[in-house]
Amino acid sequence: MSNEDIYLCIIGLCIVSYIPRVAPFLLLGKRQMPHAFELWLKYVPTSVFGALIFCSIFQTDSGVDFSFSNISMLAAIPVLAVAAKTHSLPYSIIVGLAAYWGLQQVM
Amino acid sequence: MKYINAKVLKSIWPVCFGYIPLGLACGVLAEKVGVDPIAIGVMSILVFAGSGQFIALAMIGAGCPIPPIVFTIFIVNLRHIFYATILNSYIKEKSTIFKALFAQEIVDETSAVNMTNFEQKDVEWSAEEAITSAYLAHLSWIIATIAGCVLGSVANIDTALVSYALIAMFIGLWSFHFWHKKLILAGIAAGFLALLLAPFLSNMLNVVVATLVVSVLAAMIGGELDE
């Protein structure tokens, strides 16, 4: 991607990132969102992350890989355990990097 | 500046600290995909979204066109709508300009700190202290990403290992939704659907479609989320 395209992309990202951040401030107090819409929104983040995580850990260059030689999949196990217990982003990252590095050494 | 007090620092330092490795990793990824330190600095100022920036950079690196990148990051950052909705009730009386500036500082971590402090009855937490805390976290993120991008061009960094910080972060962010079984099931369902769609939809469009299909179905079938 050219430098010009990168800045164009950044402007686009800025706009679409800002909309969900600012919209409630502008809309709320004046108008109530339809309940069905709010309910749908509750399920969006978990779906995005589920999809992103599965694609990140099971998808390899040669297709979907559920085998025990898949380091990304194996390293996700301790991360999932720590994340479920602590809900901490820094801990998840540290455990993930340590687990991935450790598996790289032994496999 | 006058709002940088002990209470603010005590609340926000873990976030600032956590952003250092994360920002370094993000900066290194930026360097790998051909985004220079100035551009990543601008991106960190204007976009300020940890996972969003990682994904955008990965997509840039994969040679993805701009529209799917922008749409994906829109979906990824949709969750900020919840934080803004909650935080609005605490800063309702503030000016539109203040709200417009405050909105830009909404990310998972700053919102978590601010919502917790606003909720606590025994802690006096002003809107100014809230935005100051967020600014400190944002500053840490900007500096760390630029530093990572600069260091990435001189140091030899293991891309596979560094990229795993992103996956670990996704798992950490996903775990924020583990308070309800229905949310966990929806995430797993979206994960499997995304894998099934992968051969037909490239450039993360499988993630977008899986998200839309599963979240709509989950809201219809799963319905309300009782505590």
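## Close-up views of a predicted two-chain model

**View 1. The two domains of chain B.** In this predicted model, the C-alpha centres of domain 1 of chain B and domain 2 of chain B lie 24 Å apart. The assignment places domain 1 of chain B at residues 6–175 and domain 2 of chain B at 178–227. Where they meet, 10 residues of domain 1 of chain B are in contact with 8 residues of domain 2 of chain B. About 860 Å² is buried between these two domains, and carbon and sulfur atoms give 80% of that area. If you would like to pick out residues here, try B:Ile75, B:Trp174 and B:Ser175: on the domain 1 side they supply 49% of the area buried against domain 2 of chain B, more than any other three residues.

**View 2. The two domains of chain A.** Chain A is also divided, with domain 1 at residues 1–32 and domain 2 at 41–106. The C-alpha centres of these chain A domains are 28 Å apart. For a sense of how chain A spreads out, take A:Gly63 and A:Leu26: they are 37 residues apart in sequence, and their C-alpha atoms are 45 Å apart in space. A:Gly63 sits in strand S2 (residues 63–64) of chain A. Is A:Gly63 buried or exposed? Neither label fits, because its relative accessible area is 26%, which makes A:Gly63 partly exposed.

**View 3. Where chain A meets chain B.** Here 63 residues of chain A are in contact with 88 residues of chain B. The two chains bury about 6800 Å² between them, 79% of it on carbon and sulfur atoms. Which residues of chain A lose the most area to chain B? They are A:Arg21, A:Phe25 and A:Tyr43, which together make up 13% of what the chain A side buries.

**View 4. Helix H6 of chain B and its surroundings.** Helix H6 of chain B covers residues 96–104, and its buried residues are B:Phe98, B:Lys99, B:Phe102, B:Ala103 and B:Gln104. What do these buried residues pack against? From chain A there is helix H1 (3–27), and from chain B there are helix H2 (37–46), helix H5 (80–88), helix H7 and helix H8 (127–152).

**View 5. The loop between H2 and H3 of chain B.** B:Val47 is found in this loop, and so is B:Phe48. B:Val47 is buried, with a relative accessible area of 1%. B:Phe48 is buried too, with a relative accessible area of 1%. Anyone checking backbone torsions may want to look at B:Phe48: its phi is near 40 degrees, a positive value in a residue other than glycine. Leaving aside neighbours within four places in sequence, B:Val47 is in contact with A:Ile10, A:Leu13, A:Cys14, A:Ser17 and A:Arg21 of chain A, and with B:Gln53 and B:Gln104 of chain B. Two of these partners appeared in earlier views: A:Arg21 among the residues of chain A that lose the most area to chain B, and B:Gln104 among the buried residues of helix H6 of chain B. The C-alpha atoms of B:Val47 and B:Leu161 are separated by 25 Å, with their positions 114 residues apart along the chain.

**View 6. The largest cavity and B:Glu109.** How many cavities of 30 Å³ or more are there? The count comes to 1. About 80 Å³ of space lies in the largest cavity. It is lined by 13 residues, of which B:Tyr19, B:Ala49, B:Gly50, B:Val107 and B:Glu109 are closest to its centre. Helix H3 (50–61), helix H7 (108–119) and helix H9 (159–174) of chain B each supply at least two residues of this lining. By class, the lining has 7 nonpolar, 3 polar and 3 charged residues. B:Glu109 lies in helix H7 of chain B and counts as buried because its relative accessibility is 16%, under the 20% cut-off. Beyond residues up to four places away in sequence, B:Glu109 touches A:Leu89, B:Val15 and B:Tyr19.

**View 7. The second largest pocket.** About 660 Å³ of space lies in this pocket. Its lining has 22 residues, and those nearest the pocket centre are A:Lys42, B:Phe82, B:Ile86, B:His177 and B:Trp179. Helix H1 and helix H2 (35–58) of chain A, together with helix H5 of chain B, give two or more residues each to the lining. Helix H5 of chain B gives the most, with 5 residues. By class, the lining divides into 15 nonpolar, 3 polar and 4 charged residues.

How values were computed:
Residues numbered from 1 in each chain as written. Chains lettered and ligands numbered in written order. Predicted model: local features only at pLDDT ≥ 70, side-chain atom pairs only at ≥ 80, totals over all residues. Heavy atoms only, no water. 1 Å grid on protein atoms, 1.4 Å probe; cavity = no way out; pocket = protein on both sides within 12 Å on 5 of 7 lines; lining within 4 Å. Points joined across faces, edges and corners; volume = space filled by probe spheres on them. Helix = DSSP H or I, 4+ residues; strand = E, 2+ residues; numbered from the N terminus. Nonpolar A, V, L, I, M, F, W, Y, C, P; charged D, E, K, R; others polar. Domains from an automatic or database assignment. Buried < 20%, exposed > 50% of the residue type's maximum accessible area, 1.4 Å probe, protein only. Contact = heavy atoms within 4.5 Å. Buried area = accessible area lost by both parts, 1.4 Å probe.
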